[in-house]
Amino acid sequence: MDRIRIVGGNKLNGTIAISGAKNAALPLMIAALLTDETLILDNVPRLADVAQLQRILGNHGVDITSVGKRPGDRQYQGQTLHISAANIIDTTAPYELVSRMRASFWVVAPLLARMHEARVSLPGGCAIGTRPVDLLILALEKLGAEIAIDGGYVVASAPGGLKGATIDFPKVTVSGTHVAVMAASLANGTTVITNAAQEPEILDLADCLNKMGARIYGAGTPRITVEGVSRLHGARHTVLPDRIETGTYAMAVAMTGGDVLLSGARAELLQSALDVLSQAGAEVTVNNEGIRVARNGAAINPVRVSTAPFPGFPTDLQAQLMALMVCATGSSHITETIFENRFMHVQELARFGARIQLDGETATIHGIEKLRGAPVMATDLRASVSLVIAGLAAEGETMVNRVYHLDRGFERLEQKLSACGASIERISD
Ligand code: EPZ
């Protein structure tokens, strides 16, 4: 299994191109199931999760071709996928496939909306908490689906098709909103979704669906209206830049010091995180190429942050911020409000010498002057990358094990960082 070896202490200087967003690409690929025409997606990141979803869609009979690089393409230009669900030959998503990637459960919505039936394995437990799907089921039931759980599978049917309805989410949910928007697009009548998630990836999905002929209004706000249409057609759409990758590299620069342009990044996708970085003492400037982050000599100030749904501070940057705060000049407080148990990085950060106390949902981080490299391992994607950030600043060698978590969500991480001066390499055993 691959490992990543880092020798810490180098500042980061240069340019990092930001890839397309994993969490936008996955629902967009799933949305291709809604039409029998071809959906072309540009700027799809080359990630293990994308490849896994290709396999899952392939199992339903979807053809996907990937178009390679063209002259003039940027260094990290994403791939272009041509996705055709002309014939759906199987409406079952089996346990072996769904259990590997939670988001694949979302295929239940387009299968049900277009084929009027779906049999999808429950995604099961997850390293960052229990992560149930009750709200996704609630949304589909509101739209008229009959749902039973049988042998670990959600068996859903809507013999006469789905019907527009009011869906008032008791809790803000990205997955629930994605599922509701996709299913409602092909429902008969109008659906109103309230307390909808406002994440940029929801807006990206709605923009793409509207290009496919859907009638979705208000995406990106807490109230979304979907006027159902009888069919959707093909379209071409570019995946938006990855705000979590952007925030991760921004934290890395704030941690090591230096000056890096995050090219292609869009500040409005992560303003809350950029504000926190400024409070922490990083210089953040936005120009027409992207976002520049620098820290030259200034101390890292402690901060007090709670994660929250968009536009709040993202849970997917919580671990990375914690790594940064490990070297702050005082005590920081980070509260995780989205997922219980998303603190696995705490124990691993302690291996670098970090001093972190956990009290329920809140971690108190007592800043120390210097970290020391260590062998570490994490059990989820964002926790793993927080260990990379710590390793970049630590004295001596850090070995990050179980790198496949990083490969799920960060495209060519070690190339991007080493191009900016980091001493980081992949070791394949
Ligand atoms: C998405 O997960 C992201 N995944 C996550 O990114 C991200 O952390 C999360 O949104 C929050 O921003 C993808 O987009 C593929 P939710 P999702 O539904 O949609 C509870 C990463 O590292 N809930 O907004 O699954 C749930 O347990 C990943 O890239 C229910 O109770 O998140 C959580 O507490 C990790 N019942 C809260 O809502 C449900 O039916 C928010 O979950 C659904 C969710």
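The legends below describe close-up views of a predicted model.

**View 1. The two domains and the area buried between them.** In this predicted model, the domain assignment of the protein gives a domain 1 made of residues 3-19 and 241-427, and a domain 2 that covers residues 22-234. The centres of domain 1 and domain 2, taken over C-alpha atoms, are separated by 30 Å. Contact between the two involves 26 residues of domain 1 and 20 residues of domain 2, and the area buried between domain 1 and domain 2 is about 2,100 Å², with carbon and sulfur atoms giving 53% of this area. Of the area that domain 1 buries against domain 2, Phe-310, Arg-408 and Glu-411 supply 27%, which is more than any other three residues.

**View 2. Polar and charged pairs across the domain interface.** Across the interface of domain 1 and domain 2 there are three salt bridges, and six residue pairs are found in polar contact across the interface of these two domains. On the side of domain 1 that touches domain 2, helix H12 (381-393), helix H13 (404-409) and helix H14 (413-418) each supply at least two residues, and the largest share, three residues, comes from H13. By residue class, the side of domain 1 that touches domain 2 divides into nine nonpolar, five polar and 12 charged residues.

**View 3. Salt bridges of Arg-46 and Asp-49.** The structure as a whole holds 20 salt bridges, and two of the pairs are shown here. Asp-49 forms a salt bridge with Arg-408, and the closest N and O atoms of this pair are 2.9 Å apart. Because Asp-49 lies in helix H2 (residues 48-59) and Arg-408 lies in helix H13, the pair ties together parts that are 359 residues apart in sequence. Arg-46 forms a salt bridge with Glu-411, and here the closest N and O atoms are 4.0 Å apart. Arg-408 and Glu-411 also belong, with Phe-310, to the three residues that supply 27% of the area that domain 1 buries against domain 2.

**View 4. Surroundings of the ligand.** There are 24 residues around the ligand, of which Asp-134, Ser-175, Asp-316, Ile-338 and Arg-382 come nearest. In the side chain of Asp-316, an N or O atom is 2.6 Å from an oxygen atom of the ligand. A polar side-chain atom of Lys-171 lies 3.5 Å from an oxygen atom of the ligand, whereas for Pro-132 it is a backbone N or O atom that lies 3.2 Å from an oxygen atom of the ligand.

**View 5. Backbone geometry in two loops.** The peptide bond that runs from Phe-310 to Pro-311 is cis, with omega near 10 degrees, and Pro-311 lies in the loop between strand S18 (304-306) and helix H10 (318-325). In another part of the chain, Asn-195 has a positive phi of about 55 degrees although Asn-195 is not a glycine, and this residue lies in the loop between strand S11 (190-194) and helix H7 (200-211).

Notes
Residues are numbered from 1 along each chain as its sequence is written. This is a predicted model: local features need pLDDT of at least 70, side-chain atom pairs count only at pLDDT 80 or more; totals for chains, interfaces and linings use all residues. Side-chain values use heavy atoms; hydrogens and water are left out. Domain bounds come from an automatic or database domain assignment. Contact means heavy atoms within 4.5 Å. Buried area is the accessible area (1.4 Å probe) that two parts lose on being put together, summed over both. A salt bridge is a side-chain nitrogen of Lys or Arg within 4 Å of a carboxyl oxygen of Asp or Glu. A polar contact is a pair of N or O atoms within 3.5 Å; within protein, one must be able to donate a hydrogen and the other to accept it, and residues adjacent in sequence count only if both atoms are side-chain atoms. Helices (H or I, at least four residues) and strands (E, at least two) are DSSP runs, numbered from the N terminus. Ala, Val, Leu, Ile, Met, Phe, Trp, Tyr, Cys and Pro count as nonpolar, Asp, Glu, Lys and Arg as charged, and the others, Gly among them, as polar. A residue is near a molecule or strand if one of its heavy atoms lies within 4 Å of it.
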